[in-house]
Structures are given as C-alpha cells and as structure tokens.
Amino acid sequence: MKVPFNDLYGQYLTIKDEIDGVLEAVIKESAYIKGPFVDRFEREYAAWNGVDHFVGCANGTDALEMALVALGIGGEDEVIVPANTWISTAEAVTTAGAKVVFVDHHPRRYTMDVAQVEAKITPRTRAIIAVHLYGLPAELDDLQALAQRHGLHLIEDCAQAHGARYRGRMVGTFGAAGTFSFFPGKNLGAYGDAGGIACRDAALAQRLRQLGNHGRTGKFDHALEGRNSRLDGLQAGVLTAKLPHLLDWTARRQELARAYTERLKHLSAIQLPECPPHASHVYHLYVVQVERRDWVREQLEARGVQTGTQYPIALPFLKAYERLGYRPEDFPVSYAAMSRLLSLPIFPEMTESQVDYVCACLEELL
Ligand SMILES: *Cc1c(COP(=O)(O)O)cnc(C)c1O
C-alpha cells in the first residue's frame, strides 16, 4: 500500500468543478490583482474566523513581517518567538529590523513554555509571537495575561492552525494580529503562495493594507513607502471555493488523529501528541516522537509510507542563527526533540485503511 504525506491533486478532484469554475471567472474578468475575488475572500474569511478585519497578502511570512512593522516594532526592540517553529516566525522579526529571542517549548504540546517567556522579558521586549504549532493553540490565556502585564503586543502565528479553538474561541482573535499562511499544503491552501492578517483594530487594518500596496492612498498617491505584498485574484478565488469545505476537512483530520491515537497508544516506544481539554487541535501535522527516528523513517519509506520531520533542526541551532551563539543546553527540550520528531501522514482524503497500514508498520518496527 502507498501512503503519501499529502494528496493535493486528490483533493482538487473532489472539488474540481468549483475550482475550475472560479478560475475561469477570475480569468474572464481579468481580476488578477485586487478586485472582487480578493474582496470576497477577505470578507468571507473574516466572517469564518470571527474577526472584524482580514487583510490578504502575498504569503504567511509577509503577514508576520507586516504585522510587526504595522505595530511599530523594529530598531532595538526584542521579540520573543519559539525555538521550534518554521523559520518564518523568526525571520520576520529580523527583516522587520528587530531582535529575535528564542524560548523552548512544552515537551508534549510543542507550544511555547510560558514560564520561559516571562523569564526572557527585558525592558526592550515589545512583542511575543505565539505559534499554534502543528495545529494546537498555544496557551493563550497565560500569554495574553503576560503580554498585558508587561505592555507587550501578542501576535498569533496561525499558519498551521486555521479554525483551531482555545476555550471555544478561534485562534487569530486573541492577539493584536493573527497571521495566516495559505501555502498549498496548509489546512486551507491556495494553488501558490498566499497569506493574510486578521485584526480587530480598523486603523491597524488600514495600515496593513497600505503597507502591502506600496503605501498607496490613490492610484499614484503614496502616503509612505510600503511594499508589494498582495493576495492575487486567482489565489483568492481558489481559497473562496475551498473555504466552505474547511470545517469538514478539519473534522476529518481530527477523526484520523483519533484513529492514530487509539491504534498507537499501547506502544510505549512512541510518544503521542497531547491536546489539553481546553483547546481543539486541527492537526495540520500529527507529530510523534520515536528513538532512531531516521531509521524508522527509512523503514516506513521502504513500506510505501511517506513521513516528514518538522523540524529536524530547531531554529537556534541553524547556521542562520549562529551569530547568537546558542548551545544545546539553552533549549534542552527543542534540542532533544530534533532527532526524535516524526510527522505521520494526515490529510483529509486519507482513508482509515491507510491509517491502519501506517500503524501496522509502526507496530512491526517499534
Ligand atoms: C508556513 C508557515 C509560515 C509561513 O508561511 P508562508 O506562506 O510559507 O510564507 C509561518 N509560520 C509557520 C509556523 C508556518 O508553518
């Protein structure tokens, strides 16, 4: 049996008519940049996520950087980010001109260790970026309280967590800004790069719109120097066509995750992901930990099962951050996880028998 890590073409086939129809409509109107398809997606995603404003942009990395810039962060400011995340979270801090400060994560939930966040706050700290890693919300109550107490901005990186809830409330509604990626493989994915920012404050939304569109106030009027980071019409059309399916796709991910957990919980050699009762996990990834991870991956690959490692090198240990001079003992949880993390295949079109097969392979190997 073959089990791919994801099946974007298989998903396309389930919604082919809707996708083909919307692409044709965008082309017919030549509505490639801005225009009605982008407006519609921004409106519908804001309503879906329960936020007042949603500003589309070119990708999730720009969303983070623009949120920081629009909040006035740069210069000597420090921004606290998790050590274990995709590089964009930290990269955006540097490109905004500020300084990255890493913290370790909870050993079974993989979200930021809040006690460590507090320990890293200095007079220069201006913001915390909470990443809802793998689809599980970070500890938002504690982070919000901490941000408030120290006068910091809380930014939510929701790139892996569309529709996840914390105490019943959607992610992206807690911080000053919630940033999203619609990279093709994300839970809501475009057919190319796309992203956006959710926020409550109308003035912030206005600033974000200007920033992403050359600081424009009119066709040839520019209030400031911004950049070109816009959601394009074709991507917005694809996302609008997919959005009505997102709840079902998420429920399916959660069903598959439950099946994995049921089938694997008796294996002591595998550490399963933990979801606290007050949060809902949307399982962008189903990440476990095993000894001899690379060998297990090879063996699974040989049996037709594709897996991933998110992430094989925690950010402080990348060459890109060599200048900060971190050692393994500075982030012991992230460091220990690097050689053990294993992402099992999970995508809405996956079948029960594929889950069974992956679990049977793991039972044989562990
Ligand atoms: C994917 C991702 C991003 C960046 O999104 P792009 O659209 O690829 O720029 C940022 N943060 C996290 C946690 C991500 O997984």
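Visitor: Which of the 13 residues around the ligand come nearest?
Guide: Happy to start there, and do keep in mind that this is a predicted model. Helix 4 (60-70) and helix 5 (88-95) each supply at least two residues of the shell around the ligand. By class, that shell has three nonpolar, eight polar and two charged residues. Those that come nearest are Gly60, Thr61, Asp157, Ser181 and Lys186.

Visitor: How much of the ligand's accessible area does the protein cover?
Guide: Let's begin with the polar contacts. A backbone N or O atom of Gly60 lies 2.8 Å from an oxygen atom of the ligand, and a polar side-chain atom of Gln160 also lies 2.8 Å from a ligand oxygen. An N or O atom in the side chain of Lys186 is 2.9 Å from an oxygen atom of the ligand. On its own the ligand has 380 Å² of accessible area, and the share covered by the protein is 93%.

Visitor: Which element gives the largest share of the lining of the largest cavity?
Guide: The largest cavity has a volume of about 100 Å³. Helix 3 (36-49), strand 1 (53-57) and helix 8 (202-212) each supply at least two residues of its lining. The largest share, three residues, comes from helix 8.

Visitor: Which elements give two or more residues to the lining of the second largest cavity?
Guide: About 80 Å³ of space lies in that second largest cavity. Among its 15 lining residues, the closest to the centre are Asn6, Leu8, Gln11, Lys186 and Arg253. The elements that give two or more residues are helix 1 (8-14) and helix 10 (246-264).

Definitions and conventions
Residues numbered from 1 in each chain as written. Predicted model: local features only at pLDDT ≥ 70, side-chain atom pairs only at ≥ 80, totals over all residues. Heavy atoms only, no water. Near = heavy atom within 4 Å. Polar contact = N/O pair within 3.5 Å; in protein donor to acceptor, adjacent residues only side chain to side chain. Areas by Shrake-Rupley, 256 points an atom, 1.4 Å probe, with all protein chains shown as cover. Helix = DSSP H or I, 4+ residues; strand = E, 2+ residues; numbered from the N terminus. Nonpolar A, V, L, I, M, F, W, Y, C, P; charged D, E, K, R; others polar. 1 Å grid on protein atoms, 1.4 Å probe; cavity = no way out; pocket = protein on both sides within 12 Å on 5 of 7 lines; lining within 4 Å. Points joined across faces, edges and corners; volume = space filled by probe spheres on them.
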